[in-house]
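Welcome, and thanks for taking a look at this one. Below is a short briefing on how the ligand is held and on a few of the charged pairs.

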Amino acid sequence: MTSSREETAVVIIGAGVAGLTLATFLQKSGVPCVVLERRHRAYIELRQRAGVVDARGVQMFERWGLADRLLAGPIAQTIDYRVNGRGRVFKIIADDGSAGRFCTQQMLISNLLREFIDAMSGNIRFNVTDAVIRNEENHRPQVTYSDASGSHELVCDYIVGCDGDRGISRSSIPPGTLTKYSHEFGYAWLAALVDAPVTGHPIMGVSDYGCVAQLPRGPHRSRYYLQCALSDGPEDWPDQRLWDEIRLRLCDKTIENATVHDKFFVPLRCVVYSPMQYGNLFLAGDAAHLVPPASAKGMNLALGDVDVLAEALLLAVRDDDLSALKNYSATCLPRIWNYQDFSVWMTDMMHDAGDPTQQGTFRQMTARARLDNLINSSTAARLHSEYHRGTN
Ligand code: RFL
């Protein structure tokens, strides 16, 4: 077993969408960085989650000259808001022509890995264990970790925690330093990846039996989401019940059962930690905030953080200018709160408009009026489009 000690400018913990995007931007700019990831490469390349990079994210990759290499898939510009089987297609308004792209998260991750490792010879270590952060005043930051070859120490100028909600970065910050703001919706989504492609528009469905969504996840598959109880587990949802509920909630008896690849349960919640930094440690993506999948903004907020942080780290490392780093959290949080608000609005509307036993018939009718507004009012449609595109 060996033990090693190395130096670099930035250590990034976590090779999800935030960590890999940041690493790719830094590497492209000549800022030395090392990424530490606890899983192996094949695992993170197969992890299925988001499906759309919003227009703001597309513009960011264009600005970095990487959009053509990293993004794939058609333009995302419509949503079928379906109420008890009656479909109404919402067209996302884009006055400046910018648009989001259907690009599954695992496709983006695969492309980022190819770019960072294969094209840019970036430095990433998979299968690391026992990562520990040292981030104290008057000490250079340090991360120690182990892998199959032994234990290692990385001394650096900055540490970026991109290790998700359950990582070690946020929990390395002394208790009481960050404020946690959170909201629990009181229900969950069953997420099922199936061999049934979206044939028309992506669907956000409301029905008297609960919410259902069908979103594209590549040319041959889609992800169905079904509102369910917080206490539900796999034993409550055999495949036959899943398909029966999809047919019931979409009021479409013609939908046929297809292979179900995975099923998991996501309690719907919103969380923000503030500030998103402590000393020389910076948090990005799910390590700093969570939104329910209903808003399709989690991955996109992570990309937004990285956009700000990459520029700030460049200024700090190349020009010794710390001003943007000091303001990192203050720069990001207004956008994050704006999209928390959108997520709550969207999640409440989709769920309240459905099953009246949840919030009552009055809330059901006002939520349906809100949905109607998106179709009938060009003012409401414009704001809704801005949120979908991530541009406000
Ligand atoms: P990730 O992608 O979770 O990556 C964190 C990485 O850190 C690693 N890690 C560690 N590495 C080293 N040492 C440790 N101690 C570590 N602890 C953890 C992990 O292995 C992992 O590789 O976080 P990141 O980069 O912040 O990206 C956030 C997004 O992944 C997340 O917000 C989205 O997936 C949320 N999300 C969606 N976002 C959208 O924009 N649109 C969507 O349609 C959408 N759908 C979804 C979603 C999330 C879902 N789940 C899993 C709740 C659908 C679902 C079902």
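In this predicted model, a polar side-chain atom of R47 sits 2.7 Å from an oxygen atom of the ligand. Once bound, the ligand has 90% of its 1,000 Å² of exposed area buried by the protein. The notes below start with that site and then turn to the salt bridges, of which there are 25.

**Around the ligand**

- The shell around the ligand counts 33 residues, and those that come nearest are E37, R47, Q105, D286 and M299.
- Q105 also makes a polar approach, with an N or O atom of its side chain 2.7 Å from a ligand oxygen.
- A18 takes part through its backbone, where a polar atom is 2.9 Å from an oxygen atom of the ligand.
- Sorted by class, the shell holds 15 nonpolar, 9 polar and 9 charged residues.
- Domain 1 (2-74 + 103-180 + 270-342) and domain 2 (185-269 + 353-389) each supply at least three residues of the shell.
- The largest share from an element is that of α7, with 3 residues.

**A salt bridge within one helix**

- R41 and E45 form a salt bridge, and their closest N and O atoms are 3.2 Å apart.
- Both residues belong to helix α2 (residues 41-46), where they are 4 residues apart, about one turn of the helix.
- R41 is partly exposed at 25% relative accessible area, and E45 is partly exposed at 22%.

**Salt bridges between separate parts of the chain**

- D54 pairs with K297, with 2.8 Å between the closest N and O atoms.
- This pair links distant parts of the chain, 243 residues apart: D54 is in the loop between β4 (52-53) and α3 (55-63), while K297 is in the loop between β21 (289-290) and α7.
- Why do D54 and K297 count as buried? D54 has a relative accessibility of 5% and K297 one of 3%, and buried means under 20%, so both qualify.
- D262 and R223 meet in a salt bridge of 2.8 Å, N to O.
- Because D262 lies in strand β18 and R223 in strand β17 (residues 222-228), this pair ties together parts 39 residues apart in sequence.
- The two partners differ in exposure: D262 is partly exposed at 26%, whereas R223 is buried at 1%.

**A shared network**

- Which residues are joined into one network by salt bridges that share partners? They are E7, R140 and D157.

Terms used:
Residues are numbered from 1 along each chain as its sequence is written. This is a predicted model: local features need pLDDT of at least 70, side-chain atom pairs count only at pLDDT 80 or more; totals for chains, interfaces and linings use all residues. Side-chain values use heavy atoms; hydrogens and water are left out. A residue is near a molecule or strand if one of its heavy atoms lies within 4 Å of it. A polar contact is a pair of N or O atoms within 3.5 Å; within protein, one must be able to donate a hydrogen and the other to accept it, and residues adjacent in sequence count only if both atoms are side-chain atoms. Accessible areas come from the Shrake-Rupley method with a 1.4 Å probe; for residues, only the protein chains shown count as cover. Helices (H or I, at least four residues) and strands (E, at least two) are DSSP runs, numbered from the N terminus. Ala, Val, Leu, Ile, Met, Phe, Trp, Tyr, Cys and Pro count as nonpolar, Asp, Glu, Lys and Arg as charged, and the others, Gly among them, as polar. Domain bounds come from an automatic or database domain assignment. A salt bridge is a side-chain nitrogen of Lys or Arg within 4 Å of a carboxyl oxygen of Asp or Glu. Buried means under 20% relative accessible area, exposed over 50%, partly exposed in between (1.4 Å probe, protein chains only).
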